[in-house]
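The following note sets out numbered points for a colleague who has the sequence and the model at hand. Please read each point against the structure shown here.

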Amino acid sequence: MACEETNQKIPNRTIVEEVTGWLKLYSDGTVERSGPPEAGPLLNPVAPYDEPCNGITVHDLTTDPPIRVYLPEEATDPGKRLPILLHFHGGGFCLSHPSWLLYHDFYAKLATTLNVSAILSPVYPLAPEHRLPAAIDAVFSALLWLRSVGTGEVKQMAVVERLQETVDFSRVFLIGDSAGGNLVHEVCARAGSVGPSLLHPVHVAGGILLNPGFARSKRSRSELENPESPFLNLEMIDKLLTLAVPAGATKDHPYVCPMGKDAPPMEGLKMPPLLLEVGDQDLLRDPQLEYYEAMKKAGKEVELLMSHGMGHIFYLNKFAVEADPITGERTKELIQNIKMFIEAH
């Protein structure tokens, strides 16, 4: 079980907030993170490895922020520069780590299935110790680090040399699951606002939002009707997102509800093409579809993929993907649609 903080009892402190099975926030500001028994194996960290396994190697870079790198063992088009994916993990901005098996299995599979040079997954600071926009700033810094790789400022690292030799820096794609989808929206918007000169040679060619963690203070129909799961329930939606937004804010904050009245008008955002994946059994289905309609109304290029019969982040549950034929088939469809989206842009 992954648990990043101490479980030792400390006198004179009380629990001020608890997300059952996942997180306890104490009166002295300390946080305990764990996970429910049903999720246990998926939260185990996968160590980096230099010897190829299933077609990839995995590396952890001590950058700022730290970055996990998935490298395909062999280039599918030797000598040709390929797009790169920058992945932002989920967890309601309060939980999770890129090293978890939850992410490793899916993104290792993407690294070998997609025609990409690599997948990078930054480790961003978690709330409530570091409320938003801390995570947004960190993952945008990862994009700036990639720019430094492209300009040759970063040197003397074997992984960096591989990236410099193989990456088409004009085709950087952002991909995020759950709250990571919110980060995709925010970083795409920020990249558009700063202009191409700051990011050159990096160009954000597209954003891929998988079951993004969009919500409102008012319950949606899908929250009331769709089934809960160990990875997303109403308590998690309410408490994690409230712990993540700036102190005193609600789920109507633009970081959680970018289609709300308090958010910057979507018409003014400079966004790349987007692919939005929505599970029709996801608790957050309706806010996700509301985001899609708002983006379309604002004239943005956004594709919608409906994963029928699927709930939140179904593709990250390797046991369900392997054991349930329908979940496995929907995961294959998702990967194929991601591949087509990247090839088209």
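1. In this predicted model, helix 1 passes helix 10 in a right-handed crossing. Helix 1 covers residues 101–113, and its axis comes within 11 Å of that of helix 10, the two crossing at roughly 50°. Helix 1 is therefore oblique to helix 10, since an angle of that kind falls outside the ranges for roughly parallel (under 35 degrees), roughly perpendicular (65 to 115) and roughly antiparallel (over 145).

2. On the helix 1 side, the contact is made by F106, K109, L110 and T113. Helix 10 contributes T331, L334, I335, I338 and K339. By class, five residues of this contact are nonpolar, two are polar and two are charged.

3. A search of the whole structure finds five aromatic pairs. One of them involves F106, whose partner is Y315. The pair is tilted, with 5.1 Å from centre to centre and 40° between the planes. F106 lies in helix 1, whereas Y315 lies in the loop between strand 12 and helix 9 (318–323), so the pair ties together parts that are 209 residues apart in sequence.

4. Helix 10 (residues 325–344) also lies across strand 7, strand 9, strand 10 (204–210), strand 11 (274–279) and strand 12. Helix 10 runs at about 165° to strand 10.

5. How are the strands of the sheet ordered? Nine strands form an open sheet with mixed pairing, in the order 4-5-6-8-7-9-10-11-12. Strand 4 (49–53) and strand 12 (302–307) are the edge strands, each pairing on one side only. On average, neighbouring strands of this sheet are turned by 20° against each other, direction ignored.

6. Within the sheet, strand 5 (residues 56–61) pairs with strand 6 (residues 67–72) in the antiparallel sense, over six bridges. V58 has Y70 in strand 6 as its bridge partner. As a general point, strands of a sheet pair through backbone hydrogen bonds, either parallel or antiparallel.

7. Helix 3 (residues 158–166) lies across strand 5, strand 6, strand 7 (82–88), strand 8 (118–122) and strand 9 (167–177). The angle between helix 3 and strand 9 is about 115°.

8. A further pairing joins strand 1 (residues 15–19) to strand 2 (residues 23–26), in the antiparallel sense and over four bridges. E17 has L25 in strand 2 as its bridge partner. Strand 1 and strand 2 form a hairpin with three residues between them. In the turn, G21 has a positive phi of about 85°.

Methods:
Residues are numbered from 1 along each chain as its sequence is written. This is a predicted model: local features need pLDDT of at least 70, side-chain atom pairs count only at pLDDT 80 or more; totals for chains, interfaces and linings use all residues. Side-chain values use heavy atoms; hydrogens and water are left out. Two strands pair if DSSP finds at least two bridges between them. Axes are lines fitted to C-alpha atoms, for helices over the stretch in contact, and angles run from 0 to 180 degrees between N-to-C directions. Contact means heavy atoms within 4.5 Å. A crossing is left-handed if the near helix is turned anticlockwise from the far one by less than a right angle, and right-handed if clockwise. Ala, Val, Leu, Ile, Met, Phe, Trp, Tyr, Cys and Pro count as nonpolar, Asp, Glu, Lys and Arg as charged, and the others, Gly among them, as polar. Rings of Phe, Tyr and Trp (its six-membered ring) pair if their centres lie within 6.5 Å; planes under 30 degrees apart count as stacked, over 60 as edge-to-face and the rest as tilted.
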